[in-house]
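I opened this one with a fresh page and a cup of coffee. Here are my notes, in the order I looked things up.

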Amino acid sequence: MSKILQTTKTTFTDSRTWDDQKKILVILAHPDDPEFFCGATLAKWAGEGHQITYCLLTHGEKGTNTEFSDIDYIKEIREKEQKEAAFAIGAQKVLFMNHPDGFLEATLSLRKELVQVMRKEQPDIVVSCDPSNFFIHGESINHPDHRAAGLAVVEAIFPAVQNDDFYPELLDEGFNSHHIQELWLSLPLEANIVVDVTMQWETKIAALLKHKSQIGNSEVFKDRMKNRGKVIFGKKKYFEEFHRLVIRK
Ligand SMILES: [Zn+2]
C-alpha cells in the first residue's frame, strides 16, 4: 500500500506511488530535461518495476558550447548522451521528435503528433513540465521550450487523446483513443506532491553525468548537485516536486 502523508496543500510521499505496474511516458523539450527535472523520481519508479519511455521534442542542439559547431554532430552527441542517461535512470525506450531547439510552440500540428505518440505508447502516466511556470522559484526565467512542451502535452491529453472524434484518420491508422490516468508536471509553479528521492539522488547525478556536453567540470557539478539537499533532523534529504493531476482513476 502507498504511504502518503497529506499536509494542508501538498502531499509528501516517500514510498510506492502505485500498487500496480504503470506505463509512464515522459514528454519534455530537451535532452537532459528528464534527468534535471525529475530524474530521481523516474529512477524510483523504474526501481519499482514501472515501464518508462522518454519522448524528447527537440535535440537541444542550441544548448551546448562553441566546442561543437556542426548542428548534425551536436544532435548526434545529444541523442547518444540522452539515451545513455535514460538507461542509467532505468528507462526502456527513448523517442526523438526532432523539432528545432529554441523555437518550440504548442501548435495544432504538434498537438496531433503528441496525440499520435500517446495513442501509440498507451501510457497510464504522462510526465511533462508545468506550462504556467514562467519563473523557476520566482528567480530565473524558465526556457520557453519547457513551457511550450508542457502546454502541448496538456492540450493533447484533454480532450483529444481520449476522444474518437479527434483525428479520425489516426484511428484508421490504428492509433486508438486512450485514457491517461495521471499527468505529473515537473518544474511546478505550485507543487502539490513532493517525492522523497534521497535514495535515488546518486542515480540522478550518475545519469546527469552522461550529458557530458552540458555539465562542464564533473567534480564541480557533483558538488553542486549534492548541495541541493535539505538537512532534516540531522540527515541530508533530497526531494523532487510536481503538480500531479489525477485525470481518471
Ligand atoms: Zn531544457
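**Terms first.** I count two residues as in contact when their C-beta atoms, placed from the backbone, lie within 7 Å. Helices (H or I, at least four residues) and strands (E, at least two) are DSSP runs, numbered from the N terminus. I call a residue buried if 20 or more other C-beta atoms lie within 10 Å of its own, exposed if 12 or fewer, and partly exposed in between, again with C-beta atoms placed from the backbone.

**Ground rules.** I am working with a predicted model, where local features need pLDDT of at least 70 and side-chain atom pairs count only at pLDDT 80 or more, while totals for chains, interfaces and linings use all residues. I number residues from 1 along each chain as its sequence is written.

**Helix α6.** I began with α6, residues 201-208, and found six of its eight residues buried. They are W201, T203, K204, I205, A207 and L208. What do the buried residues of α6 pack against? I found α1, α2 (71-89), α7 (212-215) and α8 (218-226).

**Overall build.** I counted eight helices and 13 strands in the chain. The radius of gyration, taken over C-alpha atoms, has a globule rule of 2.2 Å times the number of residues to the power 0.38. For 249 residues a compact globule would come out near 18 Å, and the chain has 18 Å, which agrees. Along the principal axes, the C-alpha atoms fill a box of roughly 55 × 50 × 35 Å. I find 42% of the 249 residues buried. Of the contacts with a separation of 6 or more, 78% join residues 24 or more positions apart.

**The core.** I define a nonpolar core as a set of buried Ala, Val, Leu, Ile, Met, Phe, Trp, Tyr and Cys residues joined through C-beta atoms within 7 Å. Which members of the largest core touch the most others? Out of 58 residues, they are V26, V126 and A149. Helix α4 (residues 144-161) gives this core its largest share, 10 residues. I followed V26 further: beyond its neighbours within four places in sequence, V26 contacts P34, L42, I52, Y54, C55 and V127.

**Helix α4.** I note that 14 of the 18 residues of α4 are buried, so this helix is largely enclosed by the rest of the structure. From first C-alpha to last, α4 reaches 24 Å, close to the 26 Å expected at 1.5 Å a residue; the expected span is 1.5 Å times one less than the number of residues. One item to flag for my fellow chemists: the peptide bond from F158 to P159 is cis, with omega near 5°. P159 lies in α4.

**C38.** Is C38 buried or exposed? C38 is buried, because 28 other C-beta atoms lie within 10 Å. I placed C38 in helix α1 (residues 33-47). Not counting residues up to four places away in sequence, C38 touches V127, S186 and E240. I also checked C38 against V197: they are 159 residues apart in sequence, and their C-alpha atoms are 9.6 Å apart in space.

**Around β13.** I say two strands pair if DSSP finds at least two bridges between them. Strand β9 (residues 182-186) pairs with β13 (residues 239-246) in the antiparallel sense over four bridges, and L185 has H243 as its bridge partner. Strand β10 (residues 193-196) also pairs with β13, antiparallel over four bridges. There I see V195 opposite E240.

**Positive phi.** I looked up two residues that are not glycine. D32 has a phi of about 85° and sits in the loop between β3 (23-28) and α1. With 23 C-beta neighbours inside 10 Å, D32 counts as buried. F233 has phi near 50° and is found in the loop between β11 (230-232) and β12 (235-237). With 5 other C-beta atoms within 10 Å, F233 is exposed.

**L95.** My last stop was L95, in strand β5 (residues 93-99). I list L95 as partly exposed, because 16 other C-beta atoms lie within 10 Å. Leaving aside neighbours within four places in sequence, L95 contacts T53, Y54, C55 and V117. The C-alpha atoms of L95 and K44 are separated by 21 Å, with their positions 51 residues apart along the chain.
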